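Please walk me through how this chain is put together, beginning with the way its helices meet and moving on to what lies inside.

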Amino acid sequence: MLNYGEEIVYWYLRFNGFFIIDNFVLHSSPTGTERTSDSDLLAIRLPYVYEEVGGQTNDWDDHNIFKNLDINKRIAVICEVKTGGFDANRIYRRRHLEKAIARFGISPNYMDYVSQIENNPVTQIEDFLVAKILFSREQESPRQDCLHIRLDEVSKFIKKRLRKFNNRKYNDRMFFPSSLIQYMAWEEQKNL
């Protein structure tokens, strides 16, 4: 089950054209991962994403996520979501990155790219851009090897999207399998 931070990031990515796996389990293994863990969100976005309502070029968040990623490329993101205090050294561990990259299925030679991914916020793997994105309450990123988007910016984007398409999003809110987004659609309708 997603916590509220993971849930708003899920919908932020979804509203920006991504297909998402949440709570991807990183099983323990005798060759490296000492205990089972998870990657908060893994997501893929293809360049020609289109939806009639909220899925067109001027609907994407080019101030945050697409400020550093080319919207015309195939994109894979490994997301960590932190709603409180956290140890920045405990995110994006090498074995976790290996498992996440393997799960994407971008390249049979994914291990050739792990060091690049480990040390850079964005890496080109064949025809995909692979990004590590930390979503947190922090004003500045605590690390240089990942992109950072503040959770308040995520919330602002979702509210803006819900306002922009208020009649459709409010009227169809019960089709969203998220009580948080249903509530946010109701709140934005009430505030108009």
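Axes here are lines fitted to C-alpha atoms, for helices over the stretch in contact, and angles run from 0 to 180 degrees between N-to-C directions. Helices (H or I, at least four residues) and strands (E, at least two) are DSSP runs, numbered from the N terminus. The model is predicted, so that local features need pLDDT of at least 70 and side-chain atom pairs count only at pLDDT 80 or more, while totals for chains, interfaces and linings use all residues. Residues are numbered from 1 along each chain as its sequence is written, and side-chain values use heavy atoms, with hydrogens and water left out.

The axes of α1 and α4 come within 9 Å and cross at roughly 50 degrees. Since angles under 35 degrees count as roughly parallel, over 145 as roughly antiparallel, 65 to 115 as roughly perpendicular and the rest as oblique, α1 is oblique to α4. On the α1 side G5, I8, V9, W11 and Y12 take part, and they meet L151, V154, F157 and I158 of α4, where contact means heavy atoms within 4.5 Å. These residues divide into 8 nonpolar, 1 polar and no charged; Ala, Val, Leu, Ile, Met, Phe, Trp, Tyr, Cys and Pro count as nonpolar, Asp, Glu, Lys and Arg as charged, and the others, Gly among them, as polar.

Helix α1 (residues 4–14) also packs against helix α6 (residues 179–190), at an angle of about 70 degrees and with the axes 10 Å apart. That angle makes α1 roughly perpendicular to α6. In this contact, Y4, E7, I8 and W11 come from α1, and S179, L180 and I181 from α6, a set that divides into 5 nonpolar, 1 polar and 1 charged.

One residue of α1 can be followed further: Y12 lies in this helix and is buried, with a relative accessible area of 0%, where buried means under 20% relative accessible area, exposed over 50% and partly exposed in between (1.4 Å probe, protein chains only). Not counting residues up to four places away in sequence, Y12 touches D61, N64, I65, F135, I149, V154, F157 and I158. The C-alpha atoms of Y12 and V154 are separated by 6.2 Å, although the two residues are 142 apart along the chain.

What lies inside? The largest nonpolar core, meaning a set of buried Ala, Val, Leu, Ile, Met, Phe, Trp, Tyr and Cys residues joined through side-chain atoms within 4.5 Å, has 34 residues, and those with the most contacts inside it are L13, L69, F135 and I158. At least two residues of this core are supplied by each of α1, β2 (37–45), β3 (74–82), β5 (128–136), β6 (147–150), α4 (151–164) and α6. Leaving aside its neighbours within four places in sequence, L69 is in contact with I75, V77, V122, L129, A131, I133 and L147. A second, separate core of 17 residues includes I78, I91, Y92 and V130.

Y92 is placed in the loop between β3 and α2, and it has a positive phi of about 55 degrees although it is not a glycine. Its relative accessible area is 5%, so Y92 is buried. E126 likewise is not a glycine yet has a positive phi, of about 50 degrees; its place is in the loop between β4 (122–125) and β5, and it is partly exposed, with a relative accessible area of 43%.
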